[in-house]
Amino acid sequence: LAAWRWLAARHLTAQRYLFGHSLGGAIAVRLAGEVDDAAGLIVEGSFPSISDVVKTTRWGWLPVAPLITQRFDAGAYIERVKAPLLVVHGSEDRLIQPMLGRALYERAQGPKRFVLVEGGTHHNTNAVGHEAYREALAALFGPQHGFRSDLQDNMIETPHGRDCRREVPIYSLYSETREPTAEMLAGLDALVIDLQDVGTRVYTF
């Protein structure tokens, strides 16, 4: 908490995000639950508590919960988190099973998003799920004449696409829908509007 306040005092206008992997996820969740100025929280390969992790092991039937002194009880703090939350877990994580990440996600109040990275383990989910991370963290929206204003057919709808340089989806707002759907906006905490040629083509935007 002291380090968080130190950063806030020295970077007054910068947005600060929290990221925690595995055990670090519990620490990040606790901090996010104690501050009200986090721009977002990302938790990868984490869990609701140490006792929940123990229960998924072959010795989970033993009554060891009372003996655990460091509980890392993220589940108790996640409900207090107000910042947008992204929970990521690898489908092949054998150390911290995916159901534990899902359980932590379910306890959060939102806005929130859960991403299961196919083929990801406890140690490589960030690398394997690079594209999934990008899609979860950002999206682009295109108006009637396309995202780059290069489609001139006035009455022809444009399809959804993908920006190869940024590796994020482009949702067309001149397709089967004329406004962003709830699914398109899921996980976004800010929307920036910047239309090209608005001075000369205002009647079409």
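At 29% relative accessibility, Arg-113 counts as partly exposed, a class that lies between buried, under 20% relative accessible area, and exposed, over 50%, as computed with a 1.4 Å probe on protein chains only. This residue is found in strand β4, where strands (E, at least two residues) and helices (H or I, at least four) are DSSP runs numbered from the N terminus. The model is a predicted one, in which local features need pLDDT of at least 70 and side-chain atom pairs count only at pLDDT 80 or more, while totals for chains, interfaces and linings use all residues. Residues are numbered from 1 along each chain as its sequence is written, and side-chain values use heavy atoms, with hydrogens and water left out.

Strand β4 leads to the sheet as a whole, which is open, has 4 strands in the order β1-β2-β3-β4, and shows parallel pairing, two strands being counted as paired if DSSP finds at least two bridges between them. Its edge strands, each pairing on one side only, are β1 (17–21) and β4 (112–117). On average, and with direction ignored, neighbouring strands of the sheet are turned by 10° against each other; the axes behind such angles are lines fitted to C-alpha atoms, for helices over the stretch in contact, and angles run from 0 to 180 degrees between N-to-C directions. Within the sheet, strand β2 (residues 40–44) and strand β3 (residues 85–90) pair in the parallel sense over 4 bridges, and Glu-44 stands opposite Val-88 in β3. Val-88 also offers a link back to Arg-113, for the C-alpha atoms of these two residues are separated by 8.5 Å although they are 25 residues apart along the chain.

Two helices can be followed against this sheet. Helix α2 (residues 23–34) packs on the sheet and touches β1 and β2, contact meaning heavy atoms within 4.5 Å, and the direction of α2 makes about 150° with that of β1. With 12 residues, α2 reaches 18 Å from its first C-alpha to its last, which is close to the 16 Å expected at 1.5 Å a residue, the expected span being 1.5 Å times one less than the number of residues. The buried residues of α2 are Gly-25, Ala-26, Ala-28, Val-29, Leu-31, Ala-32 and Gly-33, and these pack against α1 (2–10), β1, β2 and α4 (74–77). Just before this helix comes Ser-22, placed in the loop between β1 and α2, which has a positive phi of about 60° although it is not a glycine; at 15% relative accessibility, Ser-22 counts as buried.

The second helix, α5 (residues 98–107), lies across β2, β3 and β4 and runs at about 170° to β4. Met-99 lies in α5 and is exposed, with a relative accessible area of 51%. The C-alpha atoms of Met-99 and Thr-56 are separated by 9.7 Å, the two residues being 43 residues apart along the chain.

Among the side-chain interactions, the structure holds 4 salt bridges, each defined as a side-chain nitrogen of Lys or Arg within 4 Å of a carboxyl oxygen of Asp or Glu. One of them joins Arg-16 and Asp-37, with an N to O distance of 2.9 Å; because Arg-16 lies in the loop between α1 and β1 and Asp-37 in the loop between α2 and β2, the pair ties together parts that are 21 residues apart in sequence. Arg-16 is buried, at a relative accessible area of 13%, whereas Asp-37 is partly exposed, at 34%.

Another salt bridge is formed by Glu-34 with Arg-30, their closest N and O atoms being 3.2 Å apart, and both residues lie in helix α2, 4 residues apart, about one turn of the helix. Glu-34 is partly exposed at 39% relative accessible area, and Arg-30 is likewise partly exposed, at 43%. The side chains of Glu-92 and Arg-94 also meet in a salt bridge, at 2.8 Å from N to O; here Glu-92 is partly exposed, with a relative accessible area of 35%, whereas Arg-94 is exposed, with 63%.

A last pair involves Ser-51, which is found in helix α3 (residues 50–55) and is buried, with a relative accessible area of 18%. A polar contact of 2.9 Å joins its side chain to that of Ser-49, the term meaning a pair of N or O atoms within 3.5 Å, of which, within protein, one must be able to donate a hydrogen and the other to accept it, while residues adjacent in sequence count only if both atoms are side-chain atoms.
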